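Dear colleague,

I am handing over the structure we spoke about, and my notes on it follow below. Please read them with the model open beside you.

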Amino acid sequence: MQQALIEKYGEARLPRYTSYPTAPAFSPSVGAGTYGDWLSGIAPGTDASLYLHIPFCRSMCWYCGCHTTITQRDEPILDYIDMLRKEIGLVSDRVGNRPRIRHVHFGGGTPTIMQPEEFRDLIGLMRARFAFTAGMEIAVEIDPRTLTPDMADALGEAGVTRASLGVQSFDPVVQKAINRIQSEAQTLDAVQRLRKAGIGGINFDLIYGLPHQTVASCIETARAAVAMRPERFAVFGYAHIPSFKKHQRLIDERALPDAAMRAEQAEAIAKTLAAAGYVRIGLDHYALPADSLALAARRGRLHRNFQGYTTDACTTLIGFGASSIGRTPEGYVQNEVPPGLYAQRIASGRLATVKGYRITPEDRLRAEIIERLMCDFRADVGTIAGRHGFDAAALIEGNARLAALEQDGAVDIRGGTVTVRQDHRFIIRAVAAAFDAYIDQSARTHSKAA
């Protein structure tokens with residue numbers, strides 16, 4: 001049964017559902033003017049999150065699917081940070097009521113590519129412009145190969161609470177095939193520097209499905225990573241989309257594992273982490289039992305956003321930087337993607353928003369169902385639909401995708417509740433897609449499912 005499901009759903013091109021609707025539904029009909037109105041309408045006392053995108057790296061990892069630019073010079077980074085500061089000013093001036101900031105996330109690229117004093121200044125500017133709350137989380141994505149002692153100290157001094165380190169694989173053969181040479185010693189050194197700086201939350205990112213990767217090498221990498229005892233892991237499947245990311249053409253497609261092998265690798269990593277005491281959370285995250293993510297999952301309070309599984313329940317996310325995506329209760333917005341065009345808009349005193357999406361009542365209903373499925377592998381469609389003023393029968397009856405999944409033995413449907421069977425949770429995105437009204441549009445632009 002499982003092999004048949006892998007063959008049927010394993011190669012499906014489906015979204016990761018870090019938002020709903022997903023980015024392919026965004027359009028230029030929602031632009032800077034609309035976003036400005038939404039910012040002005042933020043209600044007093046609103047809890048919000050901030051996201052800052054730093055789209056620069058020192059070298060290109062060939063597997064990368066992020067928006068980033070390679071530079072060996074600091075000038076482009078300094079110019080970009082200057083624009084980022086101006087955008088923070090523009091946006092904060094538009095906000096009618098200062099929201100209470102609960103989470104800040106620096107993504108990339110490599111956010112720690114900037115100098116320590118530049119990072120301190122950015123945090124200081126945001127503290128001055130927004131209302132930071134006590135106990136808030138500040139998270140930063142880090143390339144362990146370039147983390148300096150001074151930068152680690154600056155992160156600690158700035159109040160960073162969580163650091164996410166890219167590991168991917170410790171197999172030297174795989175590392176050479178993806179152009180990312182990173183030793184266990186480099187990674188451990190970064191972890192120790194961060195711990196010394198007082199950063200208590202460490203995340204590791206691992207990837208399966210890479211060229212020349214084997215089940216054995218996945219297990220070896222997981223064991224080496226576990227020995228460093230990070231609080232969390234995120235384990236992703238490599239998405240090979242050379243038509244969208246041209247640098248991926250440098251990867252030998254013949255060395256990529258097929259869908260069945262990818263599934264074996266993912267499960268081998270899962271078992272290794274579980275044996276080391278980590279709790280499996282949702283599709284692809286793992287955490288120590290006392291970690292806040294594991295606690296949220298146990299209490300049914302897990303959420304999903306653009307960073308994956310999270311404890312962040314804020315419905316307002318303000319994004320800064322090229323390509324960043326934000327959200328208000330009214331809908332989603334995305335900034336200009338190329339850093340140059342982003343800088344032009346900000347330099348002219350305009351918001352950088354170029355597209356977005358206005359959320360409808362039905363979107364809110366479907367978004368909640370999809371989030372609960374992705375987080376809990378179960379959704380009480382009847383209760384959720386009733387809360388939103390919709391009829392659950394319209395979502396379940398005549399739903400061809402859902403009916404096929406039930407016939408294939410992947411889900412149980414009883415009394416309006418959809419439950420994904422324990423052994424088939426690896427196809428959760430296919431179950432979520434059964435409630436996606438825009439799936440045909442999304443499927444054309446999303447990568448292979450992990």
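In this predicted model, E368 forms a salt bridge with R387, and the closest nitrogen and oxygen atoms of the two are 2.2 Å apart. The pair links distant parts of the chain, since E368 belongs to helix α12 (residues 361-376) while R387 belongs to helix α13 (residues 381-388), 19 residues apart. R387 counts as exposed, with a relative accessibility of 52%.

Helix α12 also holds a salt bridge of its own, in which the side chains of R372 and D376 meet at 2.9 Å, N to O. Both residues lie in that helix, four residues apart, which is about one turn of the helix. R372 counts as buried because its relative accessibility is 13%, whereas D376, at 29%, counts as partly exposed. Elsewhere, salt bridges that share partners join E137, R162, R232 and D291 into one network.

A further pair is made by R254 and D252, whose side chains meet in a salt bridge at 3.0 Å, again N to O. Here R254 is exposed, with a relative accessible area of 76%, and D252 is partly exposed at 32%. In total the count comes to 22 salt bridges. As background, side chains of opposite charge can pair when their charged atoms come close.

You may also wish to know about the cysteines: how many disulfides does a search of the whole structure find? The search finds zero. The sulfur of C66 has its closest cysteine sulfur in C64, at 4.0 Å, and this is too far for a bond because the cut-off for a disulfide is 2.5 Å. C66 itself counts as partly exposed, at 38% relative accessibility. C314 is likewise in no disulfide, and the nearest cysteine sulfur, that of C375, is 15 Å away.

Turning to the interior, the largest nonpolar core has 76 residues, and the members that touch the most others are V104, F106, F119, L155, L194 and F233. Helix α3 (residues 75-94) gives the most to this core, with seven residues. If residues up to four places away in sequence are not counted, V104 touches L50, L52, M126, F132, M136, E137, I138 and A139. A second, separate core has 42 residues, among them L302, L365, M374 and I439. In soluble globular proteins, nonpolar side chains tend to be buried together.

Helix α4 deserves a paragraph of its own. This helix has 14 residues and reaches 20 Å from its first C-alpha to its last, which is close to the 20 Å expected at 1.5 Å a residue. Its residues P116, E118, F119, L122, I123, L125 and M126 are buried. What covers these buried residues includes β1 (47-54), α3, β4, β5 (131-142) and α5 (149-157). Two of the buried residues of α4 have come up already: F119 is among the core members that touch the most others, and M126 is one of the residues that V104 touches.

Finally, some points about the backbone are worth checking by eye. Most residues other than glycine have a negative phi, and most peptide bonds are trans. A cis peptide bond joins Y20 and P21, with omega at about -5°, and P21 is placed in the loop between α1 (2-9) and α2 (32-40). The peptide bond from G108 to G109 is also cis, with omega near 10°, and G109 is placed in the loop between β4 (100-108) and α4 (116-129).

Which residues have a positive phi although they are not glycine? One of them is H212, with a phi of about 70°, in the loop between β7 (201-208) and α8 (215-226). H212 counts as partly exposed, at 42% relative accessibility. Another is R229, with a phi of about 55°, which is found in the loop between α8 and β8 (232-237). R229 also counts as partly exposed, in this case at 38% relative accessibility.

With best wishes

Key
Residues numbered from 1 in each chain as written. Predicted model: local features only at pLDDT ≥ 70, side-chain atom pairs only at ≥ 80, totals over all residues. Heavy atoms only, no water. Helix = DSSP H or I, 4+ residues; strand = E, 2+ residues; numbered from the N terminus. Buried < 20%, exposed > 50% of the residue type's maximum accessible area, 1.4 Å probe, protein only. Salt bridge = Lys/Arg side-chain N within 4 Å of Asp/Glu carboxyl O. Core = buried A, V, L, I, M, F, W, Y, C linked by side-chain atoms within 4.5 Å. Contact = heavy atoms within 4.5 Å. Expected span 1.5 Å × (residues − 1).
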